[in-house]
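Reader: Could you take me through one part of this model in close detail? I would enjoy a connected account rather than a list.

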Amino acid sequence: MDLKYANTGRLDVVDALRGFAIASILVLHNLEHFDYSFFPEYLPAWLQTIDKYFWDTMFFLFGGKSYSIFALLFGFTFFIQDSHQQLKGNDFRSRFAWRLLWLFLFSVVNSIFFQGDILTFFAVFGLFLIPVCRLSDKWVLAIMIFLLLQPYELGSLIALGVNPDASYHMTNSPFWFHKTHEFFEGASIPAMMRCDLSYGKWAVILWNFENGRMFQMPALFMAGMLLGRRGLFVPSEESRNFWKKAALWGFVAFAVFFLLKNCKAEFFARPEMNRIAAKLFGFWSNLGFTALLIGLFVSLYNLDSWKKALDIFAPLGKMSLTNYMFSSVFGFFVYYGCGLGLYKFTGATMSFFIGLILVAGLWWFCTLYGRNHKRGPLEQLWHKLTWIKF
């Protein structure tokens, strides 16, 4: 492994990009009322129209993309930690597994308040990095591409095309999400927490499978690791050229697959095959848009005229775990029926501005706290637990 960049200090661009991702994730969570997408009917027609535009625009720009950025940077962070330990003569893999165990326990706490918690999946699928982190770049790239091709959906498409008697079976997350709705509306706090950990968690597991994240997530971790190996977040002529090309080709991929998904063409005789093809086009168009977003962000960050403006996200990125878990508690008590129950009154527009207020408040906290602390509260706790001496 090339450890050329292992001694590089903290990369501000990574903190800023992670902060950008977490800020947009939190705004999206507010639009969804933290997994209870209720649309108040009492609102005037003009506001409902604006709500629809807000909803469609935000999810077009960030839905499935911000999470992908977050996942990619998770893999990059693993590379940095692993590289530093290799330089010290240590093998980080077992310690990383221990670190993931603590992340899983954090995720259980977070899931009590927010059934849509993503940390559980990071903790589980992060284990995929352990067996691949000593493989060559070519092998890691091959595995990553295989996973990004969505082998379950693609295999199902091929099976349906080859065997006319084959059928396509998919899980039913909406059924389980529906079972959670009565709890959102008026259950007690303990009942709501039990719902999040039972019906809600199962619904989210199925939803992630249905939306290809079971394959996409470890692939994104590997992509982040490869970017670290190549030093592509370190300022250089090579990295600047790479991110410009990533933005260009990301846009091309997005445009092609987005048009294929929405062109309403019948590519196959069997309806279920066309549904699978549309899902695959959707997965790949989102990946293209993610590459476009990252490429644009990093390219702009490399310009002095933009660096200062984009650095505003860095405090959020340095304390992403703290911000993510605090937001879950916030959403639980602000939107759910066991708290203020604002889901009844806030459409997408109002929820968007509540999300901005939440992000601004967290930015203020992170900025003040970061003046005297190297890590955020939960980041420091996770660090201490990771490096417990046995």
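What follows is a close look at one helix and its surroundings.

Reader: I would like to look at helix H4. Which residues of H4 are buried, and which helices do those buried residues pack against?

Author: Happy to. Please keep in mind that this is a predicted model.

Let us begin with the helix itself. H4 runs over residues 93-113, 21 residues in total. At 1.5 Å a residue it should span 30 Å, and the C-alpha atoms at its ends are 31 Å apart, so expectation and model agree. Its buried residues are Arg95, Phe96, Arg99, Leu100, Leu103, Phe106, Ser107, Asn110, Ser111 and Phe113. Around the axis they cover an arc of only 155°, which means that they sit on the same side of H4.

Now to the partners. The buried residues of H4 pack against helix H3 (66-87), helix H5 (119-125), helix H6 (129-132), helix H10 (189-210), helix H16 (320-335) and helix H18 (377-386). Two of these neighbours, H3 and H18, can be followed further.

Take H18 to start with. Here Glu379, Trp382, Leu385 and Thr386 are buried. Viewed down the axis of H18, these buried residues fall within an arc of 130°, so they line one face of the helix. The packing with H4 also shows up from this side: the buried residues of H18 pack against H4, helix H15 (314-318) and H16. H16 thus appears among the partners of the buried residues of H4 and among those of the buried residues of H18.

H3 leads in another direction, to helix H13 (residues 271-301). The axes of H3 and H13 come within 9 Å and cross at roughly 70°. An angle from 65 to 115 degrees counts as roughly perpendicular, so H3 is roughly perpendicular to H13. The crossing is right-handed. On the H3 side, Ser68, Ile69 and Leu72 take part in the contact, and they meet Thr290, Leu293 and Ile294 of H13.

To finish, here are two loop residues from elsewhere in the chain. Histidine 33, in the loop between helix H1 (12-31) and helix H2 (45-62), has a phi near 55°, a positive value in a residue other than glycine. Histidine 33 is buried, with a relative accessible area of 1%. Glutamine 150 lies in the loop between helix H7 (137-148) and helix H8 (151-162). Its phi is positive too, near 60°, and at 2% relative accessibility glutamine 150 counts as buried.

Technical notes. Residues numbered from 1 in each chain as written. Predicted model: local features only at pLDDT ≥ 70, side-chain atom pairs only at ≥ 80, totals over all residues. Heavy atoms only, no water. Helix = DSSP H or I, 4+ residues; strand = E, 2+ residues; numbered from the N terminus. Expected span 1.5 Å × (residues − 1). Buried < 20%, exposed > 50% of the residue type's maximum accessible area, 1.4 Å probe, protein only. Arc of directions from axis to C-beta. Contact = heavy atoms within 4.5 Å. Axes fitted to C-alpha atoms, helices over the stretch in contact; angles between N-to-C directions. Parallel < 35°, antiparallel > 145°, perpendicular 65-115°, else oblique. Left-handed = near helix turned anticlockwise from the far one by under 90°.
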